[in-house]
Amino acid sequence: MADRRRKIGDIIANIIMVVVILIVIIPFYLLVITAFKSFPEILRVPPTFFPQKFTLEGFILIRTHGGDVVRSFINSLVVASAVTLTTLFFSSLAGYAFAIYRFKLKEALFIAVLSKYLLPQIILVIPWYGIMAKLGLIDNLLGIFIVDMIGAWTIYYTRSYISQIPQDYIDAARIDGASEPYVLFKIIWPMMKPAIGVIVVMNFLWSWNWFTWPLILLHSKQNFTLPITIAFVKYIYGGGAESVPHWGAVASATLIYILPVIILYFIVQRWFIEAFIRTGIKA
Amino acid sequence: MPKVRGDFLYLISFLSPVIIVFSLFYYYPLALDFYYSFTDWNLLTTPKFIGFENYLRLFSDEIFIKSLVLTSVYVIVVLLGSIFIGLVLSFVIDRPTKLATLTRIVIFIPYVIPDVAAAAIWSIVFAPGPSGYVNYLLSKIGLGTYSWFLDPNLAFPMIIAYSIWKYFGFCTLVLYSGIKAIPKEYIEAAKVDGASEFNIFTRITLPLLRPIIVFVTSTNLMSCWFVFSSVYTLTKGGPGTATMVMGMYIYEQAFKSMKAGLATAAAIINTIVVLLLVIFIHLRGYRGGLYGR
């Protein structure tokens, strides 16, 4: 009796899981096939669920018309890499100070850093725009970078990681006459290699995904980061049928945009989910 | 922990980048916000002080009120919906099969990919007209075709459905990690005492998961309340004002209508509301739980 009930339970669970997997995967399948369809085939009724003829029409379109996806890809790559590097450097300096040193106002300062997460982005971008106008950084990728160059999460993360390192390592090095930067970069950094991996991936992705502020700050197509270009590719119209977005172009651009993310996800998937869940925060 | 070893200079140089960047780009702008909210400002000219007029104007603005209602509905349905689905699924995936492992990996993908990409995928899947994929399947079983994100009545429910699709995997895995942390003995003991599955769930699992549910709700409340990227990509707040959630409203006021003073006032009101909600959820949520603080 109990056995039969468990069996039915297993069957229902399996059905639910298959349905859930399909709900997630099918949209991605449709994205891929749309990217390789020609425009007439995209407009065909009934729609085809496998491209009858593979074309690179969408990919060619996003290279030539309105918004160069390659250029945007490079912009995104440059900003995300720069943000990741500076965050890694400055946040581990701060994380080290918060973990090792004792000083007045330490807790207050740490709370002030983390309180960043109590501010929604939309409340910051309006004054940011005014500040960037004064600095002459409107429509400049530098304006994206400087507001994002140090991450609060990374400070929090490096602080907790460094706190776990036995004090003896640090003391021994200091007795040998090592300077503080030497302790941090030559002794602690090699010990926190896995943490550095997490920091690099997370910060890169946050910057790669960032939409709101780049949308507001950047005005000209050659400066767009990838998400901004994706949002506008929709308005590249397909030949003939006015006002119908060229879904092939949208799909190709989106595919280029998510491919690095998906690849990264499957490579580092083991700790990736855990890292995301622990932070619970998305830029 | 040792004291700073006389080298106060190191402390200063390690912390000053953070202090400078955070003051300049987080706390100074916040102070500016409070000032701007009392001014008439179009982003580029000198702000003109007008007292409480922005705040008064907001509450006589029909679209602002509508936006507050839409945002509240959105937040409640998306959070409760994802948590409910997450609860059910976290039990479903709690088994040692390969299918369960695969499910755990797959459901996280929508959460990981960028908002703009996920939104683009949805606009392709739900393309209007008879050549849209979903439309074709629906018309095949005689349910007709729809304009989805272009339909004033459907656009808002579609945004909600999209957001649940994006978030449910995250909720599921967070709740799943919570379930994993519950000592097996509790469940075993209850089973020995003859408790039904349902009773075990409502009397043991759910109360023990309470802190986790509080965590999910409060960490996602802010990003849900000010949802922007996906709405911008999918509908831009339209058709008309059908999906004019708060993030969209503030953006439009500040950067399209150039009423930045009004927009900061709206942003401040909403931030205070959300922070009060988060505090409330924490006070209520942790009190009386088994992990009670």
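This is a dialogue on reading some features of a predicted model.

Biologist: Where should one begin with chain A, and how many helices and strands does its secondary structure come to?

Modeller: Since the model is predicted, I begin with the overall description: the secondary structure of chain A comes to 15 helices and 0 strands, and its C-alpha trace spans about 75 × 75 × 35 Å along the principal axes.

Biologist: What radius of gyration does chain A have, and what would a compact globule of 283 residues have?

Modeller: Chain A has a radius of gyration of 24 Å, whereas a compact globule of 283 residues would have one near 19 Å. The domain assignment gives domain 1 (2-56) and domain 2 (66-233) in chain A, and the C-alpha centres of these two domains lie 38 Å apart. Of the 283 residues of chain A, 42% count as buried, and among its contacts between residues at least 6 apart in sequence, 74% join residues at least 24 apart.

Biologist: How is the contact between the two chains to be read, and how many residues does each chain give?

Modeller: As a general idea, the size of an interface is often given as the accessible area lost when the parts come together. Here I can count residues instead: the contact takes 75 residues from chain B and 70 residues from chain A. On the side of chain B that touches chain A, helix α1 (residues 8-36) of chain B supplies the largest share, 15 residues, and that side as a whole divides into 60 nonpolar, 10 polar and 5 charged residues.

Biologist: Turning to single helices of chain B, is helix α12 (residues 246-256) mostly covered or mostly open?

Modeller: Helix α12 of chain B is mostly covered, with 8 of its 11 residues buried; among them are B:Y249, B:I250 and B:Y251. Just after this helix, B:M258 takes a positive phi of about 55 degrees.

Biologist: Why does helix α9 (residues 184-192) of chain B lie largely in the open?

Modeller: Helix α9 of chain B lies largely in the open because 0 of its 9 residues are buried. Just after α9 of chain B, B:G194 takes a positive phi of about 85 degrees.

Biologist: As a last case, where is A:S38 found, and is it buried or exposed?

Modeller: A:S38 is found in the loop between α1 (2-35) and α2 (39-43) of chain A. With 18 other C-beta atoms within 10 Å, A:S38 is partly exposed, because a buried residue needs 20 or more and an exposed one has 12 or fewer. Leaving aside neighbours within four places in sequence, A:S38 is in contact with A:K53, A:T55 and A:E57. A:S38 and A:Q52, which are 14 residues apart in sequence, are 9.1 Å apart in space, C-alpha to C-alpha.

Terms used
Residues numbered from 1 in each chain as written. Chains lettered and ligands numbered in written order. Predicted model: local features only at pLDDT ≥ 70, side-chain atom pairs only at ≥ 80, totals over all residues. Domains from an automatic or database assignment. Helix = DSSP H or I, 4+ residues; strand = E, 2+ residues; numbered from the N terminus. Contact = placed C-beta atoms within 7 Å. Nonpolar A, V, L, I, M, F, W, Y, C, P; charged D, E, K, R; others polar. Rg over C-alpha atoms; globule rule 2.2 N^0.38 Å.
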